[in-house]
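Please look through the structure below with this short briefing beside you, which takes its helices, its pocket and its charged side chains in turn.

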Amino acid sequence: MELKTARLTVLIDPAKKQAFETLCAQQDVTPSQVVRRLIRDYLAHHGVSYVPSGVGTDDTKARER
């Protein structure tokens with residue numbers, strides 16, 4: 001699980017945003033959860049690997065302090 005977060009701002013049509021938020025509420029998930037899952041799936045689909053922030057060796061954590 002990621003320990004750090006970064007903000008991503010997306011501009012979309014207001015009607016599409018409302019429909020998205022309504023569907024998310026019906027499915028008991030937050031819009032942020034859906035977008036994070038979409039990004040993970042998109043990266044995996046294209047074979048892009050990454051190390052989630054906050055995940056590393058003890059040496060890495062010691063150097064960050």
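How far should the 13 residues of helix 1 span at 1.5 Å a residue? They should span 18 Å, and the end C-alpha atoms of helix 1 are indeed 18 Å apart, which agrees; the expected span is 1.5 Å times one less than the number of residues. This is a predicted model, in which local features need pLDDT of at least 70 and side-chain atom pairs count only at pLDDT 80 or more, while totals for chains, interfaces and linings use all residues. Residues are numbered from 1 along each chain as its sequence is written, and side-chain values use heavy atoms, with hydrogens and water left out.

**Helices** (DSSP runs of H or I with at least four residues, numbered from the N terminus)

- At the N-terminal end of helix 1, D13 acts as a cap, with a side-chain oxygen 3.0 Å from the backbone nitrogen of A15.
- After helix 1 comes D28, whose phi is positive, near 55°, and after helix 2 comes G47, whose phi is also positive, near 70°.
- Helix 2 has 15 residues and reaches 21 Å from its first C-alpha to its last, close to the 21 Å expected.

**The largest pocket** (an open set of points on a 1 Å grid over the protein atoms alone, where a 1.4 Å probe fits, with protein on both sides within 12 Å along at least five of seven lines; lining residues have an atom within 4 Å of a point)

- The volume of the largest pocket is about 1100 Å³, where a volume is the space filled by probe spheres set on the grid points, which are joined across faces, edges and corners.
- Among the 27 residues that line the largest pocket, L8, S32, V35, R36 and I39 are the closest to its centre.
- Helix 1 (14-26) and helix 2 (31-45) each supply at least two lining residues, and helix 2 gives the most, with nine.

**A salt bridge** (a side-chain nitrogen of Lys or Arg within 4 Å of a carboxyl oxygen of Asp or Glu)

- Side chains of opposite charge can pair when their charged atoms come close.
- One salt bridge is found in a search of the whole structure: K17 pairs with E21, and their closest N and O atoms are 2.8 Å apart.
- K17 and E21 are separated by about one helical turn, because they are four residues apart in helix 1.
- K17 is partly exposed at 41% relative accessibility, and E21 is partly exposed at 29% (buried means under 20% relative accessible area, exposed over 50%, and partly exposed in between, with a 1.4 Å probe and protein chains only).

Key. Polar contact = N/O pair within 3.5 Å; in protein donor to acceptor, adjacent residues only side chain to side chain.
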